Amino acid sequence: MPEVFADLVGQDEAVVELRRAAAAAAGVLRAGAADRAPALLTAGAGESAGAGESAGPAGAADPLGPAGAVAPGGVDPSAGMTHAWIFTGPPGSGRSVAARAFAAALQCVHGTGCGECPGCRTTMGGTHADVRLVVPEGLSIGVNEMRALVLRAASTPSGGRWQVVVIEDADRLTEAAGNALLKAIEEPPPRTVFLLCAPSTHPDDISVTIRSRCRVVPLRQPPADAVAEVLVRRDGIAPDVAQWAAAAAQGHVGRARRLARDPEARKRREAVLAVPRRLTGVGAAFDAASALIEAAEAEAEASVTEADTTERAALETALGAGGTGRGAAGAMRGAAGQLKELEKRQKSRATRAQRDALDRALVDLAGFYRDALTIALRAPVAPVHTDTAALAGAGAQKWDAEGSLRRLEAVLACRVAIEANVKPRIAVEAMMLALWKG
Ligand SMILES: [Zn+2]
């Protein structure tokens with residue numbers, strides 16, 4: 001088994017920070033073995049909520065613990081380590097991969113994430129007794145689940161190192177669950193570490209108060225070569241296919257894997273890349289806009305329908321739908337509330353899935369115009385879409401660099417508009433007209 005950070009593709013800076021933190025954590029344990037375990041201070045303690053970024057170690061130094069915690073030479077062994085972390089980054093950048101690898105490094109007997117020791121192996125295999133992984137399959141994380149989790153996380157680590165709680169999709173915490181988590185993060189048990197994963201630190205994703213108590217590890221979009229390498233090594237995909245998929249996915253590891261393996265995903269991408277040559281007039285531009293929106297809706301629906309049905313059935317069973325007898329009426333009133341909340345969450349998930357699908361299409365389209373631009377400029381860079389490079393070349397000849405750039409900007413402006421809550425159809429129609437007129 002390779003060392004635990006090996007699958008964290010193209011995230012050199014984050015890996016350096018996490019290795020340093022794991023080493024610091026190991027130092028805390030060593031100091032604790034000699035004395036008692038020194039406490040870590042939470043990141044952001046003392047800084048006002050939401051105040052600037054404190055991603056670096058400097059912003060979240062942990063000058064903590066009893067005086068006895070300071071090692072000979074005056075180096076605080078806990079500097080670099082803290083109780084609560086948020087891994088952020090664009091979809092596909094490997095947030096949960098990073099969190100798991102860091103959890104393993106914390107449990108590693110060498111404190112490095114060697115990948116070989118029992119601590120590393122059981123954490124990566126998902127069986128370590130002191131690592132709890134929360135993956136909200138569809139349903140958001142509710143308050144009861146969170147309270148139970150926080151309670152267990154407060155117990156002494158059975159392996160003698162750390163209690164680690166990994167929360168994937170921490171942006172899906174209910175408000176009450178978020179508050180329960182916040183309490184634990186504000187006054188963390190000395191050996192407990194929380195690792196949250198979220199798309200960003202925007203207040204829509206993570207509450208300002210939780211964020212202010214966490215150290216942020218921002219992940220970036222990994223380069224295509226690194227993505228291709230991992231597809232070949234880990235997924236056994238043929239090198240030429242991996243290279244093509246990694247370039248076409250523009251740094252999204254999961255998307256690259258899907259493109260390499262799923263013919264449906266390839267078909268959807270081809271439909272998007274057919275847009276530029278279909279734009280022959282105003283009517284065609286509106287048609288192309290409709291087609292793009294509807295394709296995104298269909299893709300999103302396919303991805304959430306099954307989960308929606310399963311969740312609803314599970315909740316109805318749990319609530320004992322159709323029950324009679326004493327208390328059934330009261331139970332039904334409570335049940336109606338829970339079903340309503342489920343529907344609300346499912347609706348927001350569907351909206352998000354649609355936006356994600358549309359955004360993927362826009363990223364593909366942007367790649368096409370970026371190819372046209374680089375060809376027009378004779379820039380010595382590889383095309384994003386090798387399979388439509390000839391078409392991009394024809395575009396480059398027709399539009400020149402300036403026209404290619406204007407079109408690329410139109411696609412990017414559309415993404416920004418949708419992000420800013422402009423109705424997707426309106427934004428896409430405006431983009432299509434701009435792409436046609438140039
Ligand atoms: Zn290890």
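In this predicted model, Arg-191 lies over the face of Trp-162, at 6.0 Å from the ring centre. This contact between a charge and a ring makes a friendly starting point for a look at the aromatic residues and the sheet.

The sheet is open and built from 5 parallel strands in the order 2-3-4-1-5. Its edges are strand 2 (131-134) and strand 5 (215-218), each of which pairs on one side only. From one strand to the next, the twist averages 15°. Strands of a sheet pair through backbone hydrogen bonds. Here, strand 1 (residues 84-88) and strand 4 (residues 192-198) are joined in the parallel sense over 5 bridges, and Trp-85 has Leu-195 of strand 4 as its bridge partner. Two helices meet this sheet. Helix 4 (residues 143-153) packs on it, touching strand 2, strand 3 and strand 4, and makes about 155° with the direction of strand 3. Helix 2 (residues 95-107) lies across strands 1, 2, 3 and 4, running at about 165° to strand 4.

Aromatic rings add further links, with 4 aromatic pairs in the structure. Trp-85 and Phe-102 meet edge-to-face, 4.9 Å centre to centre with 70° between the planes. Because Trp-85 belongs to strand 1 and Phe-102 to helix 2, their pair ties together parts that are 17 residues apart in sequence. Trp-85 is buried, at 0% relative accessible area, and Phe-102 is buried at 0% as well. Ring pairs also bring Phe-87 into a cluster with Trp-85 and Phe-102.

Another pair, Tyr-369 with Trp-399, is tilted, at 5.6 Å centre to centre and 40° between the planes. Tyr-369 lies in helix 13 (residues 328-376) and Trp-399 in helix 14 (residues 389-419), so this pair connects parts 30 residues apart in sequence. Both residues, Tyr-369 and Trp-399, are buried.

How values were computed: Residues are numbered from 1 along each chain as its sequence is written. This is a predicted model: local features need pLDDT of at least 70, side-chain atom pairs count only at pLDDT 80 or more; totals for chains, interfaces and linings use all residues. Side-chain values use heavy atoms; hydrogens and water are left out. Two strands pair if DSSP finds at least two bridges between them. Helices (H or I, at least four residues) and strands (E, at least two) are DSSP runs, numbered from the N terminus. Axes are lines fitted to C-alpha atoms, for helices over the stretch in contact, and angles run from 0 to 180 degrees between N-to-C directions. Contact means heavy atoms within 4.5 Å. Rings of Phe, Tyr and Trp (its six-membered ring) pair if their centres lie within 6.5 Å; planes under 30 degrees apart count as stacked, over 60 as edge-to-face and the rest as tilted. Buried means under 20% relative accessible area, exposed over 50%, partly exposed in between (1.4 Å probe, protein chains only). A charge sits over a ring if NZ of Lys or CZ of Arg is within 6 Å of the ring centre and within 35 degrees of the ring normal.
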